[in-house]
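Hi everyone, thanks for coming. Let's have a look at the structure together, and then I'll talk you through its empty spaces and its side-chain contacts.

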Amino acid sequence: MFETLDQVREDVKRRLVRAAEDRKQAMHTPCVITSDVDARTMVLREFDIEAWTLRFHTDIRSPKVAAIAADPRMAVLLYDKGAKTQIRARGTGKVMSEGAVVDRAWENSINFAKRCYLGEGPGAVSTEPTSGLPAEFEGVEPDDEQVLPARPNFAVLLIEIAEIDWLYLAHTGHVRAQFARAMGDWPGRWVTP
């Protein structure tokens with residue numbers, strides 16, 4: 001059981017770090033919501049524990065990129081059924097297609113993942129079911145040279161967290177806490193679920 005807000009804050013950080021590092025963690029694929037009230041499941045690639053940012057990868061041609069540029073407010077919903085823990089995060093998003101963060105994310109991605117940026121952009125209309133990938137890369141990992149044309153379509157979505165809402169579900173009674181960024185600190189409060 002969590003007795004202090006510091007324990008809860010540490011639980012949030014630990015869960016976000018593990019979710020980014022371990023694809024088997026339930027929170028590895030949270031629901032990401034843009035200000036236009038569109039939601040999608042995305043893979044959490046990194047949680048920067050110092051900056052309180054979540055990093056995701058996206059296609060620069062995706063409609064969400066324009067939505068974030070128009071209004072950067074975002075929310076992220078993470079849930080771990082086994083741990084009976086939900087984390088809701090609110091903040092602002094920024095899409096970057098150039099720079100050291102993007103270059104490092106691209107370099108650390110495997111070619112099988114990079115191939116997703118080779119085909120048609122997200123939302124392209126088709127007359128038949130399609131992955132959008134070029135036919136030669138359906139189920140095939142391209143080599144380093146073959147993925148080069150994908151790089152201009154690759155981008156990083158960084159969400160700077162401003163608020164956290166943590167909920168622990170327990171048969172004895174649920175417990176909930178909220179935190180808000182304030183001058184580099186994260187003061188919290190207990191609230192009823």
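The largest cavity has a volume of about 40 Å³. Searching the whole structure for cavities of 30 Å³ or more turns up 1. I should say right away that this is a predicted model. So who is around that cavity? The lining is made up of R15, R18, A19, Q25, A26, M27 and D80. Helix 1 is the top contributor here, giving 3 residues. By character, the lining splits into 3 nonpolar, 1 polar and 3 charged residues.

Please keep R15 and D80 in mind, since both line the cavity and both come back when we get to the salt bridges.

Let's move on to the pockets. The largest pocket holds about 520 Å³ of space. It is lined by 28 residues, and those closest to its centre are D59, C116, Y117, P122 and S131. If you want to find the pocket by secondary structure, look for strand 2 (39–41), strand 4 (53–59) and helix 4 (111–114), the elements that each give two or more residues to its lining. Which element gives the most to that lining? That is strand 4, with 3 residues. As for chemistry, the lining of the largest pocket has 11 nonpolar, 11 polar and 6 charged residues.

The second largest pocket comes to about 420 Å³. Here 18 residues form the lining, and V43, R45, S109, I110 and A113 are the closest to the centre. Two or more residues come from each of helix 1 (5–21), strand 4 and helix 4. You'll remember strand 4 and helix 4 from the largest pocket, where they also give two or more residues to the lining. The lining of the second largest pocket divides into 8 nonpolar, 4 polar and 6 charged residues.

Now for the charges. How many salt bridges does the structure hold? The count is 14, and I'd like to show you a few of them.

Let's start in helix 1. R9 and D6 form a salt bridge, with their closest N and O atoms 2.6 Å apart. These two sit 3 residues apart in helix 1, so about one helical turn separates them. R9 has a relative accessibility of 17%, so it counts as buried.

A little further along, E10 pairs with K13, and here the closest N and O atoms are 2.9 Å apart. Again the partners are 3 residues apart in helix 1, which means a separation of about one helical turn. Are the two partners buried or exposed? E10 is partly exposed, at 41% relative accessible area, while K13 is buried, at 17%.

The next one reaches across the sequence. The side chains of R88 and D165 meet in a salt bridge at 3.1 Å, N to O. R88 belongs to strand 6 (residues 85–96) and D165 to strand 7 (residues 154–168), so the pair links distant parts of the chain, 77 residues apart. R88 is partly exposed, with a relative accessible area of 35%, whereas D165 counts as buried at 7%.

And here are our two cavity residues again: D11, R14, R15 and D80 are joined into one network by salt bridges that share partners.

Let's finish with the aromatics. The structure has 7 aromatic pairs. Take F2 and W166: their ring centres are 4.9 Å apart and their planes stand at 80°, so this is an edge-to-face pair. F2 lies in the segment before helix 1 and W166 in strand 7, so the contact ties together parts that are 164 residues apart in sequence. Both partners are buried, F2 with a relative accessible area of 19% and W166 with 0%. Since the cut-off for buried is under 20%, F2 qualifies at 19%. Y168 joins in as well, and together F2, W166 and Y168 form one aromatic cluster.

One last contact brings charge and ring together. The charged end of R115 sits over the ring of F112, 3.9 Å from its centre. F112 falls within helix 4 (111–114), which we met at the largest pocket.

That's my tour. Thanks for listening, and I'm happy to go back to any of these spots on the screen.

Methods: Residues numbered from 1 in each chain as written. Predicted model: local features only at pLDDT ≥ 70, side-chain atom pairs only at ≥ 80, totals over all residues. Heavy atoms only, no water. 1 Å grid on protein atoms, 1.4 Å probe; cavity = no way out; pocket = protein on both sides within 12 Å on 5 of 7 lines; lining within 4 Å. Points joined across faces, edges and corners; volume = space filled by probe spheres on them. Helix = DSSP H or I, 4+ residues; strand = E, 2+ residues; numbered from the N terminus. Nonpolar A, V, L, I, M, F, W, Y, C, P; charged D, E, K, R; others polar. Salt bridge = Lys/Arg side-chain N within 4 Å of Asp/Glu carboxyl O. Buried < 20%, exposed > 50% of the residue type's maximum accessible area, 1.4 Å probe, protein only. Phe/Tyr/Trp six-rings, centres within 6.5 Å; stacked < 30°, edge-to-face > 60°. Lys NZ or Arg CZ within 6 Å of the ring centre and 35° of its normal.
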